[in-house]
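This report describes one protein chain, with attention to its aromatic residues, a helix, a pocket and its overall form.

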Amino acid sequence: IVISSANAMRYAPPGLVETIASIPALAVGDATAAEAVRKGMTRVESVDGDADALVKQSLVRCSKGALVGYLCGRLRRDTVEVGLAKGGLTVNTLETYNTHKVSYSTDKLSRIFTAFPFDGVAVFSGVSAAIVAEQIATSDLRHHYENKPLFVISQRASEHVATLQSGPILVSKA
């Protein structure tokens with residue numbers, strides 16, 4: 001089993017988790033591994049990295065032709081599937097959640113940000129980084145972000161906001 005995000009475990013149906021609970025699993029990071037254990041997985045190891053590290057460790061651990069269950073979200077990059085397939089593994093993709101963009105008018109967001117000012121922004125994916133970048137680029141919202149730190153999950157996600165952000169961009173190490 002390969003798990004690319006904590007949400008993949010968080011939203012996995014209980015019956016699926018019961019079925020795979022004792023199968024060896026690799027999780028992309030410590031938080032994902034902890035969520036897998038919390039949900040009932042008994043043989044989980046963190047690769048403490050990113051999708052590329054997850055693929056690399058999977059190829060080390062699995063024999064060519066092995067069937068790998070890949071727990072993931074519907075909205076994702078193809079890094080894991082393509083990497084595992086190129087390495088000779090058979091991938092069974094198990095989408096356990098979907099991500100939807102919620103749209104608010106610029107005026108509504110500005111009212112919310114004014115009523116509830118924030119000290120920083122946590123960005124957990126490339127998708128959310130693109131949404132934040134869109135908001136920073138909007139002249140009516142830009143001032144809410146000025147000089148505020150962005151706490152970004154990866155270097156790849158930070159690239160969406162790098163040229164727009166006036167405050168610090170702090171990228172997670174793992």
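Phe 113 has a relative accessible area of 13% in this predicted model, which is under the 20% limit, so Phe 113 counts as buried. Phe 118, at 16% relative accessibility, falls under the same limit and is therefore buried. The two residues form an edge-to-face aromatic pair, with 5.2 Å from centre to centre and 85° between the planes. Together with Tyr 145 they make up one aromatic cluster. A charged side chain is also found at this site: Lys 148 lies over the face of Phe 118, at 4.7 Å from the ring centre.

His 144 belongs to helix α8, which covers residues 139–145. Its relative accessibility of 8% puts His 144 in the buried class. Leaving aside residues up to four places away in sequence, His 144 touches Ser 110, Phe 113, Thr 114 and Phe 118. Both members of the edge-to-face pair, Phe 113 and Phe 118, are thus among the contacts of His 144.

The whole structure holds 4 aromatic pairs. Another of them joins Tyr 11 and Tyr 97, whose ring centres are 6.1 Å apart and whose planes meet at 40°, so this pair is tilted. Tyr 11 sits in the loop between α1 (6–10) and α2 (14–20), and Tyr 97 in strand β5 (residues 90–97); the pair therefore ties together parts that are 86 residues apart in sequence. Tyr 11 has 48% relative accessibility and counts as partly exposed.

The accessibility values of individual residues are collected here.

| Residue | Relative accessibility | Class |
|---|---|---|
| Phe 113 | 13% | buried |
| Phe 118 | 16% | buried |
| His 144 | 8% | buried |
| Tyr 11 | 48% | partly exposed |
| Ser 105 | 42% | partly exposed |

Ser 105 is located in the loop between β5 and α6 (106–115). From Ser 105 to Asp 52 the separation is 53 residues in sequence and 36 Å in space, taken from C-alpha to C-alpha.

Helix α5 spans residues 79–86, and its buried residues are Thr 79, Val 80, Glu 81, Gly 83 and Leu 84. These buried residues pack against β1 (2–3), α4, β4 and β5. Just after the helix, Gly 88 adopts a positive phi of about 90°.

Two of the elements that α5 packs against, α4 and β4, also contribute to a pocket. This is the second largest pocket, with a volume of about 180 Å³. Its lining consists of 13 residues, of which Ile 1, Pro 24, Ala 25, Leu 26 and Cys 62 are the closest to the centre. At least two lining residues come from each of β2 (25–27), α4 (51–61) and β4 (67–73). Sorted by class, the lining has 9 nonpolar, 1 polar and 3 charged residues.

For the chain as a whole, the secondary structure comprises 9 helices and 8 strands. The C-alpha atoms fill a box of roughly 55 × 30 × 20 Å along the principal axes. The chain has 174 residues, and 36% of them count as buried. Among contacts with a separation of 6 or more, 53% are between residues 24 or more positions apart.

Technical notes
Residues numbered from 1 in each chain as written. Predicted model: local features only at pLDDT ≥ 70, side-chain atom pairs only at ≥ 80, totals over all residues. Heavy atoms only, no water. 1 Å grid on protein atoms, 1.4 Å probe; cavity = no way out; pocket = protein on both sides within 12 Å on 5 of 7 lines; lining within 4 Å. Points joined across faces, edges and corners; volume = space filled by probe spheres on them. Helix = DSSP H or I, 4+ residues; strand = E, 2+ residues; numbered from the N terminus. Nonpolar A, V, L, I, M, F, W, Y, C, P; charged D, E, K, R; others polar. Phe/Tyr/Trp six-rings, centres within 6.5 Å; stacked < 30°, edge-to-face > 60°. Buried < 20%, exposed > 50% of the residue type's maximum accessible area, 1.4 Å probe, protein only. Lys NZ or Arg CZ within 6 Å of the ring centre and 35° of its normal. Contact = heavy atoms within 4.5 Å.
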